[in-house]
Amino acid sequence: MATVTRDLLDPAVIGARVKALRESSGLSLRDLTDRSGVSAPMLSQVERGETSPTLAVAARIAAGLELRLSQLLRLDEGGAVTVVRAGQRQRGGNKRRGHSFEVMTSAQPGQRAELSRHTLAPGGATGAADGEGGGPLHEPGSRETALVERGAVVLVCDGQRHELGAGDCVTFDADLPHHFENPTAAEAAFLAVVSAGLRRS
């Protein structure tokens with residue numbers, strides 16, 4: 001246990017975690033400075049693992065990230081494994097559009113990827129079709145990979161249509177306008193993984 005705690009308090013580990021949490025929250029260094037009161041140069045040094053923050057500084061950084069100090073330092077986690085039970089999944093969708101989903105991964109801050117399962121009724125679609133507004137896109141730099149479990153779907157990404165059948169897998173820039181459609185008379189289902197900050201230039 002002592003070894004695990006020492007590893008978690010290693011400056012490089014803390015720095016990488018602060019950076020991952022900041023970026024996953026869509027915050028710049030200046031944003032986190034404003035929210036925590038810790039100077040940008042200090043935050044930069046912490047993120048690079050060049051200095052180990054005092055408990056007071058770490059507590060201010062945690063507050064700026066809307067976390068408890070124990071969450072930032074991962075002292076209240078049961079290790080490197082997070083389990084989400086079937087009954088704990090976040091569920092949602094839009095019945096009017098024939099779309100339902102469940103998020104299978106943890107919602108705790110700092111996660112670098114999200115796995116979700118989507119079901120589309122015949123004629124259903126995720127979000128809103130291009131030109132109809134729709135919800136917000138994923139954060140800049142996000143990439144999404146979708147695997148069709150059953151049925152057939154069409155990915156409309158940045159105005160281009162891509163027909164997909166069971167077993168087909170597609171990866172695309174998730175910060176572009178996109179949605180999935182089910183043009184068939186049978187229900188379709190697909191798994192989607194959204195990863196942050198992986199868009200290729």
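## Getting oriented

Helices here are DSSP runs of H or I with at least four residues, strands are E runs of at least two, and both are numbered from the N terminus. With that in hand, α3 is easy to place: G37 follows this helix, and its phi is positive, near 80°.

What you're looking at is a predicted model. The protein has six helices and nine strands. Of its 201 residues, 36% are buried. The accessible surface adds up to about 11,200 Å², and carbon and sulfur atoms account for 52% of that. As for how the chain meets itself, take the contacts between residues at least 6 apart in sequence: 63% of them join residues at least 24 apart.

## How confident is the prediction?

The average pLDDT is 82, and 82% of the residues score at least 70. Two stretches deserve some caution. Residues 1–7 have a pLDDT below 50, and beyond near neighbours in sequence this stretch has two contacts in the model. Residues 129–136 are also below 50, and there the model shows 10 contacts beyond near neighbours in sequence.

## Helices α3 and α4

Let's start with α3, which covers residues 29–36. Its buried residues are L32, T33 and S36. Look down the axis of α3 and these buried residues fall within an arc of 105°, so they line one face of the helix. There's a simple bit of helix geometry to keep in mind: an α-helix has 3.6 residues a turn, so residues three or four places apart point the same way. The buried residues of α3 pack against α2, α4 and α5.

Now for α4, residues 40–47, where the buried residues are A40, L43, S44, V46 and E47. Down the axis of α4, its buried residues span an arc within 160°, so they too line one face of their helix. Their packing partners are α2 (11–24), α3 and α5 (55–64). Just after α4 comes G49, with a positive phi of about 75°.

## An open sheet of three strands

Next up is an open sheet made of three strands in the order β6-β5-β8, with antiparallel pairing. Which strands stand at its edges? They are β6 (160–165) and β8 (178–181); each has a single partner strand, so one side of each is left without a neighbour in the sheet. On average, neighbouring strands of this sheet are turned by 20° against each other, direction ignored.

Strand β5 sits between the other two in the sheet order. Five of the six residues of β5 are buried, so this strand is largely enclosed by the rest of the structure. With β6, strand β5 pairs over six antiparallel bridges, and one bridge to look for joins V156 to R161 in β6. With β8, strand β5 (residues 152–157) pairs over four bridges, again in the antiparallel sense. On that side, L155 has F180 of β8 as its bridge partner, while C157 stands opposite H178.

## Loops worth a look

The hairpin of β5 and β6 has two residues between the strands. D158 is in this loop, and its phi is positive, about 55°, although D158 is not a glycine. How covered is this residue? D158 has a relative accessible area of 48%, so it counts as partly exposed: the cut-off for exposed is over 50%.

E66 is another residue with a positive phi, about 60°, although it is not a glycine. You'll find E66 in the loop between α5 and α6 (69–72). Is E66 buried or exposed? Its relative accessibility is 65%, which is over the 50% cut-off, so E66 is exposed.

Finally, there's P140, in the loop between β3 (113–120) and β4 (143–150). This proline is exposed, with a relative accessible area of 69%. Which residue's C-alpha atom is separated from that of P140 by 8.1 Å, though 34 residues apart along the chain? That residue is A174.

Definitions and conventions: Residues numbered from 1 in each chain as written. Predicted model: local features only at pLDDT ≥ 70, side-chain atom pairs only at ≥ 80, totals over all residues. Heavy atoms only, no water. Pairing = 2+ DSSP bridges. Axes fitted to C-alpha atoms, helices over the stretch in contact; angles between N-to-C directions. Buried < 20%, exposed > 50% of the residue type's maximum accessible area, 1.4 Å probe, protein only. Arc of directions from axis to C-beta. Contact = heavy atoms within 4.5 Å. pLDDT = per-residue confidence, 0-100. Areas by Shrake-Rupley, 256 points an atom, 1.4 Å probe, with all protein chains shown as cover.
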